[in-house]
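Work through the following exercises with the sequence and the coordinates side by side. Each task is followed by a solution that goes step by step.

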Amino acid sequence: MDVIEQRRRDLGGFEVGRVLPYTRRHMVGPFIFFDHIGPVSFEPGIPKTVDVRPHPHIGLATVTYLFAGEIMHRDSVGAQQAIEPNEVNWMIAGRGITHSERFEKARREGGPMHGIQAWIALPTEHEETEPSFAHYGARDLPLHEAGGARLRLLAGAAFGLRAAVRTHSPLFYAHWELPAGAKTALPADYSERALYVAAGEIEVRGQRFGAGKMLVFERGEDTSIAATQSATLMALGGEPVGERFIEWNFVSSTKARIDQAKADWRAGRMKLPDFDNQEFIPLA
């Protein structure tokens, strides 16, 4: 079992905890990027500089999931969708998409912001697929309850459940809430699996792990988990899709494709979001 500790990064108004990619572990299954957003409490009137302005992606799917707060998503396929807790915004970048993430409700009202953004590398045969966006409400995400633990399946298949989210390779992604004393384990039918502690504390094989830790398990390794206090967890994993390069917001199986995406962005050849096209993040 490997343990990855989040590295806190200031994004200009709030912090994220970067977990993946990591020097010793770039990916878990197809998951190539994992950021813990906040937790933070915004005051009303936060500046627009806190927002994530329009920027591009290729070769991946992004999944945003919130425990608290609201983010407004706008993209270049015409989607405009607020995401709230227990919902999923799933954006397939494929051959290229741009999007923005705005904290408009927090600007109006203030309040907490806490969540996870992950990137999932697309298999080689799907890297250039058409970009698309889908939103899934809480009722679209199946629930599993056992031994006091409550799990919401966000994508893929696990625990006899299958999420409605369109994926391109075998994977699972889930939000777990465990009360103190609850015991559970990760699904065994994936070659790569990990568990991230977003809040609280758990015990695995006699060791205790608190918020900000990701535990990455070897195939066949015991994943029995006990909550030593109330805990919020993210479970993830799947089958590898092969080596991937990651640079800025681009993911690809080849460096040449990333170089092309960088050139396209610099030259203004990637369309900006339909409802948010007055500014963008330049490539340094």
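## Exercise 1: a hairpin and its register

Within strand β3, Gly-17 is the bridge partner of Arg-8. The model is a predicted one, in which local features need pLDDT of at least 70 and side-chain atom pairs count only at pLDDT 80 or more, while totals for chains, interfaces and linings use all residues. Residues are numbered from 1 along each chain as its sequence is written, and side-chain values use heavy atoms, with hydrogens and water left out.

Task: describe how β2 and β3 pair, and characterise the turn of the hairpin that they form.

Solution. Begin with the assignment, in which strands (E, at least two residues) are DSSP runs numbered from the N terminus, and two strands pair if DSSP finds at least two bridges between them. On this basis β2 (residues 7-10) and β3 (residues 15-20) pair in the antiparallel sense over 4 bridges. Next, inspect the connection: 4 residues lie between the two strands of the hairpin, and Gly-12 in the turn has a positive phi of about 90 degrees.

## Exercise 2: an open sheet

Task: give the order of the 4 strands in the open sheet, and find its edges.

Solution. The strands follow the order β17-β22-β19-β20, with antiparallel pairing. The edges are β17 (183-184) and β20 (207-210), each of which pairs on one side only. Inside the sheet, β19 (residues 201-204) is joined to β22 (residues 225-227) by 2 bridges, and Glu-203 stands opposite Ala-226 in β22.

## Exercise 3: backbone exceptions

Task: locate the cis peptide bonds at Pro-21 and Pro-39, and examine the positive phi values of Arg-205 and Trp-248.

Solution. As background, most residues other than glycine have a negative phi, and most peptide bonds are trans. The bond joining Leu-20 and Pro-21 is cis, with omega about 0 degrees, and Pro-21 lies in the loop between β3 and β4 (31-42). The bond from Gly-38 to Pro-39 is also cis, with omega near 0 degrees, but Pro-39 is placed in strand β4.

Turning to phi, Arg-205 has a positive value of about 50 degrees although it is not a glycine, and its place is in the loop between β19 and β20. Arg-205 is partly exposed, with a relative accessible area of 41%, where buried means under 20%, exposed over 50% and partly exposed in between (1.4 Å probe, protein chains only). Trp-248, likewise not a glycine, has a positive phi of about 55 degrees, sits in the loop between β24 (245-247) and β25 (250-252), and counts as partly exposed at 30% relative accessibility.

## Exercise 4: nonpolar cores

Task: identify the residues with the most contacts inside the largest nonpolar core, and follow the surroundings of Met-234.

Solution. A nonpolar core is a set of buried Ala, Val, Leu, Ile, Met, Phe, Trp, Tyr and Cys residues joined through side-chain atoms within 4.5 Å. The largest has 32 residues, and Phe-34, Trp-90, Tyr-173, Met-214 and Met-234 have the most contacts inside it; β6 gives the most to this core, with 4 residues. Leaving aside neighbours within four places in sequence, Met-234 is in contact (heavy atoms within 4.5 Å) with residues including Phe-34, Tyr-65, Ile-116, Leu-154 and Tyr-173. A second, separate core of 25 residues includes Ala-163, Trp-176, Val-197 and Ile-225.

## Exercise 5: the largest pocket

Task: describe the lining of the largest pocket by position, by strand and by residue class.

Solution. On a 1 Å grid over the protein atoms alone, a pocket is an open set of points with protein on both sides within 12 Å along at least five of seven lines, and lining residues have an atom within 4 Å of a point. Grid points are joined across faces, edges and corners, and a volume is the space filled by probe spheres set on the points; the largest pocket has a volume of about 700 Å³. Of the 31 lining residues, Leu-11, Val-52, His-55, Glu-101 and Ile-281 lie nearest its centre. The largest share, 4 residues, comes from β5. By class, the lining has 14 nonpolar, 7 polar and 10 charged residues, where Ala, Val, Leu, Ile, Met, Phe, Trp, Tyr, Cys and Pro count as nonpolar, Asp, Glu, Lys and Arg as charged, and the others, Gly among them, as polar.

Methods. 1 Å grid on protein atoms, 1.4 Å probe; cavity = no way out; pocket = protein on both sides within 12 Å on 5 of 7 lines; lining within 4 Å.
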